[in-house]
Amino acid sequence: MPKGVEHIDFSAFGGCRSLTYITISDSVTTIEVGAFQRCEALAVVVLPAGITEIGWGAFCDCSCLTQLDYKGTIQQWKQVRFGKQDKNLKRIQCIDGVVEL
């Protein structure tokens with residue numbers, strides 16, 4: 001993902017069936033509703049510590065995605081507005097521990 005992008009729009013990557021891994025650039029603060037929905041092969045997502053909002057269903061129907069890797073602390077994660085996601089998404093791996101969903 002290019003540096004300087006601050007916002008990932010609604011369904012920006014929706015249905016990208018070949019997408020398996022993505023590192024969200026450090027400049028991104030918001031991921032909109034359904035941004036990655038139906039990315040069936042997506043298994044790894046690395047989120048920057050500066051993320052402030054992840055919209056409802058941003059990772060809906062991503063059946064291979066069970067965890068998000070977050071470059072911040074658990075305390076920082078608690079400040080992120082995080083909408084309801086797919087039932088397969090079970091945890092957030094932070095730099096200092098795990099948040100179970």
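Biologist: How do you know that S2 and strand S4 (residues 44–47) pair?

Modeller: Two strands pair if DSSP finds at least two bridges between them, and 3 bridges join S2 to S4, which run parallel. Three meets that cut-off, so they count as a pair. One bridge links Thr-23 to its partner Val-46 in S4.

Biologist: And what makes a stretch a strand or a helix here?

Modeller: Both are DSSP runs, numbered from the N terminus: a strand is E over at least two residues, a helix H or I over at least four. Please keep in mind that this is a predicted model, in which local features need pLDDT of at least 70 and side-chain atom pairs count only at pLDDT 80 or more, while totals for chains, interfaces and linings use all residues. Residues are numbered from 1 along each chain as its sequence is written, and side-chain values use heavy atoms, with hydrogens and water left out.

Biologist: What does S4 do with S6, and how do you know?

Modeller: S4 and S6 share 2 bridges in the parallel sense, and two is what the rule asks for, so this is a pair as well. Leu-47 has Tyr-70 in S6 as its bridge partner.

Biologist: In which order do the strands of this sheet stand, and why is the pairing called mixed?

Modeller: The order is S2-S4-S6-S8-S9, an open sheet of 5 strands with mixed pairing. S2 and strand S9 (97–100) are the edge strands, each pairing on one side only. Neighbouring strands are turned by 20° against each other on average, direction ignored; the axes are lines fitted to C-alpha atoms, for helices over the stretch in contact, and angles run from 0 to 180 degrees between N-to-C directions. As for "mixed": S2 and S4 run parallel, whereas strand S8 (residues 91–94) and S9 are antiparallel over 4 bridges. Ile-92 stands opposite Val-99 in S9.

Biologist: What makes S1 and strand S7 (81–82) edge strands?

Modeller: They belong to an open sheet of 4 strands, S1-S3-S5-S7, with parallel pairing. S1 and S7 each have a single partner strand, so one side of each is left without a neighbour in the sheet. S1 meets S3 through 2 bridges, and Ile-8 has Ile-31 as its bridge partner in S3.

Biologist: Why is Ile-24 called buried?

Modeller: Buried means under 20% relative accessible area, exposed over 50%, partly exposed in between (1.4 Å probe, protein chains only). Ile-24 has 0%, so it is buried. Leaving aside neighbours within four places in sequence, its contacts (heavy atoms within 4.5 Å) include Ile-8, Ile-31, Val-46 and Leu-47. Ile-24 sits in the loop between S2 and S3.

Biologist: Ser-25 is in that loop too; is Ser-25 buried or exposed?

Modeller: At 8%, Ser-25 is under the 20% limit and therefore buried. Beyond four places in sequence, Ser-25 touches Met-1, Pro-2, Lys-3, Val-5 and Pro-48.

Biologist: Which class does Thr-73 fall into, and why?

Modeller: Its 23% lies between 20% and 50%, so Thr-73 is partly exposed. Thr-73 lies in the loop between strand S6 (67–70) and helix H1 (74–77). Outside four places in sequence, its contacts are Cys-94, Ile-95 and Asp-96.

Biologist: What makes Phe-10 exposed?

Modeller: Its relative accessible area of 57% is over 50%, so the label fits. Phe-10 belongs to the loop between strand S1 (7–8) and strand S2 (21–23).
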